[in-house]
Number of protein chains: 2
Amino acid sequence: MTPAENAQLALLLEVSGTPKPGNVDRERDLPDLRFEHFLAGAVGAGAGLRAAESGAPVGEAFERAVAGMSRQEGDNTQFGALLLVVPLVSAASERGAVTPDAATAVVEATTVDDTANFYRAFEHVDVFVDDPPEDAADLDVRRGADAVPAVEERGTTLAEVMALSAPEDGVAREWTTGFARTFDGAERLAELDGPLSDRTARLFLELLADEPDTLVAKQAGEEAAERVSERAAAALVGETDPGELADELVAEGLNPGTTADVVAAALFVALERGEVSV
Amino acid sequence: MTPAENAQLALLLEVSGTPKPGNVDRERDLPDLRFEHFLAGAVGAGAGLRAAESGAPVGEAFERAVAGMSRQEGDNTQFGALLLVVPLVSAASERGAVTPDAATAVVEATTVDDTANFYRAFEHVDVFVDDPPEDAADLDVRRGADAVPAVEERGTTLAEVMALSAPEDGVAREWTTGFARTFDGAERLAELDGPLSDRTARLFLELLADEPDTLVAKQAGEEAAERVSERAAAALVGETDPGELADELVAEGLNPGTTADVVAAALFVALERGEVSV
């Protein structure tokens, strides 16, 4: 498979892993967000992923992938996952290998144009984000393309945008750490036994237990996020049933989506390196 | 979405419909054929579907789609579905609309080259087929590319090959009837209520009740196929539970795969015509 194909497959495998407490999986829909929306999101992202594979700049490929992904009625299905996977596809095709160094080289090569296209991507979907710092209100991502002049004036590269967001955002943090959890997750997928779908669910639970989910923190506060991680840890050691935890978190409206994004990226790395296969 | 994207989405939606008695669905794996193999099959078929959309001859696009589809460890996941969907993608892009007439025009325009590529497609996967007629042993599809010289000598178009197979093969029969069950199925999907995944499962059961599945007939005999249709009819009217029937057929090794192929094609038509959406 090509890098773009592995990326598309990673998106599909991520949403198929079950149970993934709090998220849509192949046995659980959320009220307005269903499994089939994720299928359509993965199909629609294909052209943008192929653009990344063919050498398009990261921001342009990402914007295109998000535009394609959003042509379904569930709105934002894979924004965060694509923000991780697109630079990794670029690393695979431009640098010939998916390694932390290659991924970091892609990050460091980003430009102001990449930032502008990143902002344009927010036009296509509603993404749950925090308010920006007071001195950077003009850079609020929710302004979408309207923020592009301010971005260009400040000359902020996409790597710099991600560094600013890293403290509060687990996806951005991957950009600043050589995709550390992504690469660790890929290794873990290779170590685990059983069908890939089961390993995906297990990795999700391990990552969630390991670190509070930043989407839950934005939605419900840091304490809530920490509590979700404790419950994931309890499910990991068999104190509670992961399926029950999944039902509970859906009912409570707690959605550890950032952790799912990292799982998708880990699946891509593991597939692309041949550490797992389908 | 483009025709190729709708086709890929149709493959994914088909396998996600549950319960689809006897087939892999998002809640049921077969021993050596799992849900994730179908995801990878749909991803891999993408390049061939895009070739059909770009005007490649049907046989060439089909062979390419099957080659891509088969790069997963479950072997044959979507051979029959692609044999229906590829000419329909061609109809959508070449003739500007997916109609029975446009599909028939694509079929009637097939050549000996299309037949040769159809035979080459059998090199990539194990497809369950009957013995050929005694006077046509040289045309046995299981010979794959080895049969191409005989195909070329006889000058058989792909439309003629399908007409020969139509009495015993429900996919080939669609080629000779203007894709009658496919188009009826698309209308039915639009009429039904609820999430597309539920409508998919319902259509599968209705088609199976309506006509014995030709793959079951090849695997286990016509009587077995008729009996499966009767059981599907009983499940439709609520006499038995579709989920139980699904578990029973999996246990009995009865796999109504041809009916699933028609469902995938119906999903494509309904998506492409905008009669259903995700």
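**Exercise 1. A lysine in a loop**

Task: In this predicted model, find which residues Lys20(B) touches, leaving out those up to four places away in sequence, and then decide whether Lys20(B) is buried or exposed.

Solution. Step one is to list the contacts: not counting residues up to four places away in sequence, Lys20(B) touches Glu14(B), Val15(B), Asp25(B), Thr200(B), Ala201(B) and Phe204(B). Step two is to place the residue in the chain, where Lys20(B) belongs to the loop between α1 (3-16) and α2 (35-53) of chain B. Step three is to look at accessibility: buried means under 20% relative accessible area, and Lys20(B), at 0% relative accessibility, therefore counts as buried. Step four is to follow the side chain, which reaches the backbone oxygen of Glu14(B) at 3.0 Å and the backbone oxygen of Val24(B) at 3.2 Å.

**Exercise 2. Two helix pairs in chain A**

Task: Describe how α1(A) packs with α2(A), and how α10(A) packs with α11(A).

Solution. Two packed helices are described by the angle between their axes and the distance between the axes. Begin with helix α1 (residues 3-16) and helix α2 (residues 35-53) of chain A, which pack at an angle of about 160 degrees with their axes 8 Å apart. Since angles over 145 degrees count as roughly antiparallel, α1(A) and α2(A) are roughly antiparallel to each other, and α1(A) passes α2(A) in a right-handed crossing. The residues that make this contact include Leu11(A), Leu12(A) and Val15(A) of α1(A), together with Phe38(A), Leu39(A) and Leu49(A) of α2(A). Sorted by class, the contact of α1(A) with α2(A) has 13 nonpolar, three polar and three charged residues.

Now take helix α10 (residues 180-191) and helix α11 (residues 196-210) of chain A, which pack at an angle of about 140 degrees, with their axes 10 Å apart. That makes α10(A) oblique to α11(A), and the crossing in which α10(A) passes α11(A) is right-handed. On one side of the contact are Arg181(A), Gly185(A), Arg188(A), Leu189(A) and Ala190(A) in α10(A), which meet Arg199(A), Thr200(A), Leu203(A), Glu206(A), Leu207(A) and Asp210(A) in α11(A). The residues of the contact of α10(A) with α11(A) divide into four nonpolar, two polar and five charged.

**Exercise 3. A helix pair in chain B**

Task: Work out how α4(B) and α5(B) are oriented to each other, and which residues make their contact.

Solution. The axes of α4(B) and helix α5 (residues 100-108) of chain B come within 9 Å and cross at roughly 110 degrees. Angles of 65 to 115 degrees count as roughly perpendicular, so α4(B) is roughly perpendicular to α5(B), and the crossing of the two helices is right-handed. Pro87(B), Leu88(B), Ser90(B) and Ala91(B) of α4(B) make the contact with Ala102(B), Ala103(B) and Val106(B) of α5(B). By class, the residues of the contact of α4(B) with α5(B) are six nonpolar, one polar and no charged.

**Exercise 4. An enclosed helix**

Task: Explain why helix α6 (residues 112-121) of chain B can be called largely enclosed, and name elements that cover its buried residues.

Solution. First comes the count: seven of the 10 residues of α6(B) are buried, so the helix is largely enclosed by the rest of the structure. These buried residues are Asp114(B), Thr115(B), Ala116(B), Asn117(B), Phe118(B), Tyr119(B) and Ala121(B). Next comes the cover, which includes α3 (58-69), α4 (79-94), α7 (148-154) and α8 (158-165) of chain B. Lastly, at the N-terminal end, Thr111(B) caps α6(B), with a side-chain oxygen 3.2 Å from the backbone nitrogen of Asp113(B).

**Exercise 5. Less usual backbone angles**

Task: Find where cis peptide bonds join Thr18 and Pro19 in chains A and B, and give the phi of Asp75(A) and Asp75(B).

Solution. Most residues other than glycine have a negative phi, and most peptide bonds are trans. In chain A, a cis peptide bond with omega of about -5 degrees joins Thr18(A) and Pro19(A), and Pro19(A) is found in the loop between α1 and α2. In chain B, Thr18(B) and Pro19(B) are joined by a cis peptide bond with omega of about -5 degrees, and Pro19(B) is found in the loop between α1 and α2 of chain B.

Turning to phi, Asp75(A) has a positive value near 65 degrees, lies in the loop between α3 (58-69) and α4 (79-94) of chain A, and is partly exposed with a relative accessible area of 27%. Asp75(B) has a positive phi of about 65 degrees, lies in the loop between α3 and α4 of chain B, and is partly exposed with a relative accessible area of 28%.

Definitions and conventions. Residues are numbered from 1 along each chain as its sequence is written. Chains are lettered from A and ligands numbered from 1 in the order in which they are written. This is a predicted model: local features need pLDDT of at least 70, side-chain atom pairs count only at pLDDT 80 or more; totals for chains, interfaces and linings use all residues. Side-chain values use heavy atoms; hydrogens and water are left out. Axes are lines fitted to C-alpha atoms, for helices over the stretch in contact, and angles run from 0 to 180 degrees between N-to-C directions. Helices (H or I, at least four residues) and strands (E, at least two) are DSSP runs, numbered from the N terminus. Angles under 35 degrees count as roughly parallel, over 145 as roughly antiparallel, 65 to 115 as roughly perpendicular and the rest as oblique. A crossing is left-handed if the near helix is turned anticlockwise from the far one by less than a right angle, and right-handed if clockwise. Contact means heavy atoms within 4.5 Å. Ala, Val, Leu, Ile, Met, Phe, Trp, Tyr, Cys and Pro count as nonpolar, Asp, Glu, Lys and Arg as charged, and the others, Gly among them, as polar. Buried means under 20% relative accessible area, exposed over 50%, partly exposed in between (1.4 Å probe, protein chains only). A polar contact is a pair of N or O atoms within 3.5 Å; within protein, one must be able to donate a hydrogen and the other to accept it, and residues adjacent in sequence count only if both atoms are side-chain atoms.
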